[in-house]
Amino acid sequence: MAISKAQRKQQQSAADAFDAFFVHEYGAERWHRLRERLLQPTEYAALINAYVPSIEVDRAILSDEAAAAGQYTLLRLPPPPDTTSCDTPTRLLCLLRTDPHGSRPFPPPHPAADARHRLHTHWNLDAASVLAAQCLDIQPGHAVLDMCAAPGGKSITLAQRLWPALYVDHPSGEQQHRQRPSILHANEVDVARHRRLHANLTSYLPPTLFEQGLVDVLRIDATSPRAVHLFPLGEEGYDRILIDAPCSSERHILHAFMRAQQSGSIAPEMLAWKPTMTRNLSKTQSALLRTAWSALRPGGRLVYATCSLSQQENDQVVRAFVASQPARVVRSDHLWRFCERTEYGYLALPDHVARGASDPSPWGPLYFCILAK
């Protein structure tokens with residue numbers, strides 16, 4: 001159904017306000033360049049599930065024409081900042097396309113054909129998400145909380161580091177006997193998203209982890225002042241925490257607006273956007289950060305992340321938090337290829353051109369900050 005002239009005017013007015021807001025944040029020249037890149041199709045990488053036989057991964061991903069033509073390569077992740085030593089090798093494998101601006105996506109995930117391993121072979125995601133998870137420096141024996149975990153891609157990424165003895169190609173007899181078991185708690189308060197999260201994690205992680213209570217899917221409102229006491233490990237109980245906070249998700253808004261323009265329809269996402277939405281979300285994000293800090297043990301590390309473009313949801317949230325808590329901002333000298341440095345963290349944007357590179361990175365937007373207690 002065609003939209004009326006008044007509706008078209010209302011939508012365009014919202015889009016103009018949206019652009020004006022980010023022109024103020026980025027400057028006109030940068031915003032128009034970034035906006036053009038954000039409107040391009042989202043580029044995905046493929047996170048390889050280490051709990052599935054490699055031959056099944058090959059069948060799912062590497063047997064198609066793109067792989068035969070050498071169009072896939074492994075992502076070379078930087079080392080985590082201030083990394084701790086570990087006597088058990090772990091891995092985080094992520095495939096990229098060598099032509100990120102091409103039109104061929106990775107195949108969709110599906111269960112392995114091997115009757116003994118019906119887990120899904122890979123998860124398609126923004127490679128910047130893998131980078132944020134890498135910076136947590138997760139080791140076997142850690143207790144990890146993914147505070148806003150749906151749909152589950154980051155939890156699956158974190159899990160790749162926790163149980164190397166369960167890798168299907170792990171040599172027999174090398175099982176590590178640790179006093180502290182690895183634990184992963186994935187939390188999502190929304191009922192439908194919680195259901196999806198549970199389904200995804202059980203599709204990717206070995207059943208024994210759920211049977212032994214090492215992986216648990218929670219539904220706790222982490223913005224509540226008493227939330228820390230509801231998490232199973234309670235106050236100062238977690239070694240590592242990831243907060244992939246709810247945010248404005250402006251790239252999604254832009255894509256919805258573009259589709260609406262092409263079809264002559266309304267984009268409710270653009271009509272709903274207002275500068276006050278960003279300010280209101282920052283209050284939610286601050287509450288999540290306070291809860292995570294209470295749940296983090298001394299010596300632990302957390303990563304606060306959003307896919308927002310706005311400083312109000314990114315550095316400004318962290319600035320207010322570190323002004324009230326003795327948090328140490330962790331820095332890295334190895335992230336320049338992927339993202340730009342901000343006052344407190346890092347921002348991966350699809351117009352970022354690294355030193356010596358000719359083309360911009362296809363990843364993001366993703367902001368993340370690393371805090372140590």
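In this predicted model, E236 is partly exposed, with a relative accessible area of 39%. The cut-offs explain the label: partly exposed covers the range between buried, under 20%, and exposed, over 50%. The backbone at E236 stands out, because phi is positive, at about 55°, although E236 is not a glycine. The residue sits in the loop between β7 (215–218) and β8 (238–244).

A second non-glycine residue with positive phi is S249, where the angle is about 50°. S249 lies in the loop between β8 and α9 (250–263). Its relative accessible area is 22%, so S249 is also partly exposed. Strand β8 thus borders the loop of E236 and the loop of S249.

Two cis peptide bonds were found in the backbone. One runs from A150 to P151, with omega near 5°. P151 belongs to the loop between β5 (143–146) and α6. The other joins G364 and P365, with omega about 5°. P365 is placed in the loop between β12 (346–348) and β13 (366–372).

Both residues of the A150 to P151 bond appear in a record annotation. In an unreviewed entry, UniProt places the feature "binding site" at C148, A149, A150, P151, G152, G153, K154, E188, D221 and D244. The lining of the largest pocket includes these residues: C148, A149, A150, P151, G152, G153, K154, E188, D221 and D244. Two of them, E188 and G153, are described next.

E188 is located in the loop between β6 (183–187) and α7 (191–204). Its relative accessibility is 7%, so E188 counts as buried. Beyond its neighbours within four places in sequence, E188 is in contact with C148, A149, A150, R193, H194, L197, L218 and R219. Among these partners, C148, A149 and A150 also carry the "binding site" annotation in UniProt. R193, H194 and L197 are also on the contact list of E188, and the residue range of α7 is 191–204. L218 is a further contact of E188, and the residue range of β7 is 215–218. A polar atom of the E188 side chain lies 3.3 Å from the backbone nitrogen of D190.

G153 is in helix α6, which spans residues 153–159. At 8% relative accessibility, under the 20% cut-off, G153 is therefore buried. With residues up to four places away in sequence not counted, G153 touches L47 and W123. These two contacts lead to a sheet: L47 stands opposite W123 in β4.

Strand β1 (residues 45–48) pairs with β4 in the antiparallel sense, over four bridges. Both strands belong to an open sheet of four strands. The order is β2-β3-β1-β4, and the pairing is antiparallel. At the edges are β2 (72–74) and β4 (122–125), each of which pairs on one side only. On average, neighbouring strands of this sheet are turned by 30° against each other, direction ignored. Helix α3 (residues 54–62) lies across β1, β2, β3 (94–97) and β4. The helix runs at about 170° to β1.

In outline, G153 is annotated by UniProt as part of the "binding site" and touches L47 and W123. W123 is in β4, an edge strand of the sheet. E188, annotated in the "binding site" as well, touches C148, A149 and A150. A150 in turn is joined to P151 by a cis peptide bond.

Note on methods:
Residues are numbered from 1 along each chain as its sequence is written. This is a predicted model: local features need pLDDT of at least 70, side-chain atom pairs count only at pLDDT 80 or more; totals for chains, interfaces and linings use all residues. Side-chain values use heavy atoms; hydrogens and water are left out. UniProt positions are given in the numbering used here, feature names are shortened, and annotations may be inferred rather than shown by experiment. On a 1 Å grid over the protein atoms alone, a cavity is a set of points where a 1.4 Å probe fits but cannot get out, and a pocket is an open set with protein on both sides within 12 Å along at least five of seven lines; lining residues have an atom within 4 Å of a point. Buried means under 20% relative accessible area, exposed over 50%, partly exposed in between (1.4 Å probe, protein chains only). Contact means heavy atoms within 4.5 Å. A polar contact is a pair of N or O atoms within 3.5 Å; within protein, one must be able to donate a hydrogen and the other to accept it, and residues adjacent in sequence count only if both atoms are side-chain atoms. Two strands pair if DSSP finds at least two bridges between them. Axes are lines fitted to C-alpha atoms, for helices over the stretch in contact, and angles run from 0 to 180 degrees between N-to-C directions.
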